[in-house]
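Please work through the exercises below with the structure open beside you, and try each task on your own before you read its solution.

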Amino acid sequence: MKDIDVGDAMEQSSALTEVVSIKGIIQDQHPVDFYALGVAGCIDRLAAPLRLNGVKVHWHTPHHGIEISSSAAALLYHVAQETFSNTLNYANASELTVRLNAVYHGIQLTITDDGSGFEIHAAPSGRRHGFGLLLMSIAVHDAGGTVDIDSAVGRGTSVRVTLPLD
């Protein structure tokens, strides 16, 4: 598996001014263009606020040549947006790894950080805490996909989403 830094292929200065964190949510100020940048390039743009905060972002993208529908690409993008926002706001991570893999009849996005982690089965606390992951899971399941979130306090967090391509 080849380790690719998608960010090196993009203009970092452009992404730094166009992708921002507003009230804790990472947002791209320009329309998402999956055709021009590809799914990985669009997701990598979302990592700009993490990089600004000193998080090293690693990429593994051995999925070359696989066509991803616009609806699947958009869903993967929004999963990354939610996961990156959580990493930025809560994880205290120094490294984050993004994997975009072809799997049997599907595409899989895995985002793993080395942050503080959380207790998955603990009741959410705070006004908006926990709803992003819940809504993300509902959207993925509605699309026929699966979500696996693995985390523990002091051990970091891994979010894996698999979507069918058929």
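The exercises that follow concern a predicted model, and they go from the sheet to the helices that pack on it.

**Exercise 1. In what order do the strands of the open sheet stand, and which strands are at its edges?**

Solution. Begin by following the sheet from one side to the other: 5 strands form an open sheet in the order β3-β4-β5-β7-β6, and their pairing is mixed. Next, look at the two ends of that order, where β3 (56–60) and β6 (146–152) each have a single partner strand, so one side of each is left without a neighbour in the sheet. Finally, consider how the strands are turned against one another, for the twist averages 10° from one strand to the next.

**Exercise 2. Do β3 and β4 run parallel or antiparallel, and how many bridges join them? Answer the same for β4 and β5.**

Solution. It helps to recall that strands of a sheet pair through backbone hydrogen bonds, either parallel or antiparallel. Take β3 and β4 to begin with: they run parallel and are joined by 5 bridges, and within this pair valine 57 has leucine 96 of β4 as its bridge partner. Then move on to β4 and β5, which run antiparallel and are joined by 8 bridges, with valine 103 standing opposite glycine 106 in β5. The hairpin of these two strands has 2 residues between them, and histidine 105 takes a positive phi near 60° there.

**Exercise 3. In which sense do β6 and β7 pair, and which residues of β7 stand opposite aspartate 150 and aspartate 148?**

Solution. The strands β6 and β7 (residues 156–164) pair in the antiparallel sense, over 7 bridges. Within this pairing, aspartate 150 stands opposite serine 158 in β7, while aspartate 148 stands opposite arginine 160 in β7. To complete the picture, examine the hairpin of β6 and β7, which has 3 residues between the strands and in which glycine 154 takes a positive phi near 80°.

**Exercise 4. How far does α5 reach from its first C-alpha to its last, and which strands does α5 touch?**

Solution. Start with the helix on its own: α5 has 22 residues and reaches 30 Å from its first C-alpha to its last, which is close to the 32 Å expected at 1.5 Å a residue. The helix is followed by asparagine 92, whose phi is positive, near 55°. Now place the helix against the strands of the sheet, on which α5 packs by touching β4 (95–103), β5 (106–113) and β7, with its direction at about 10° to that of β5.

**Exercise 5. At what angle do α3 and α5 pack, and which residues meet between them?**

Solution. Helix α3 (residues 34–46) and helix α5 (residues 70–91) pack at an angle of about 15°, with their axes 8 Å apart. Because angles under 35 degrees count as roughly parallel, α3 is roughly parallel to α5. The crossing of α3 and α5 is left-handed. On the α3 side the residues in contact are Phe34, Val39, Cys42, Ile43 and Leu46, and those they meet in α5 include Ala73, Tyr77 and Phe84. By class, this contact of α3 with α5 has 11 nonpolar, 2 polar and no charged residues.

**Exercise 6. At roughly what angle do the axes of α5 and α6 cross, and where does α6 lie?**

Solution. The axes of α5 and α6 come within 10 Å and cross at roughly 165°. The two helices are therefore roughly antiparallel to each other, and their crossing is left-handed. Leu75, Val79, Glu82, Thr83 and Asn86 of α5 make the contact with Gly132, Leu133, Met136, Ala139 and Val140 of α6. Sorted by class, the contact of α5 with α6 has 6 nonpolar, 3 polar and 1 charged residues. As a last step, turn to the sheet, where α6 (residues 131–142) lies across β6 and β7 and runs at about 150° to β6.

Conventions. Residues are numbered from 1 along each chain as its sequence is written. This is a predicted model: local features need pLDDT of at least 70, side-chain atom pairs count only at pLDDT 80 or more; totals for chains, interfaces and linings use all residues. Side-chain values use heavy atoms; hydrogens and water are left out. Axes are lines fitted to C-alpha atoms, for helices over the stretch in contact, and angles run from 0 to 180 degrees between N-to-C directions. Helices (H or I, at least four residues) and strands (E, at least two) are DSSP runs, numbered from the N terminus. Angles under 35 degrees count as roughly parallel, over 145 as roughly antiparallel, 65 to 115 as roughly perpendicular and the rest as oblique. A crossing is left-handed if the near helix is turned anticlockwise from the far one by less than a right angle, and right-handed if clockwise. Contact means heavy atoms within 4.5 Å. Ala, Val, Leu, Ile, Met, Phe, Trp, Tyr, Cys and Pro count as nonpolar, Asp, Glu, Lys and Arg as charged, and the others, Gly among them, as polar. Two strands pair if DSSP finds at least two bridges between them. The expected span of a helix is 1.5 Å times one less than its number of residues.
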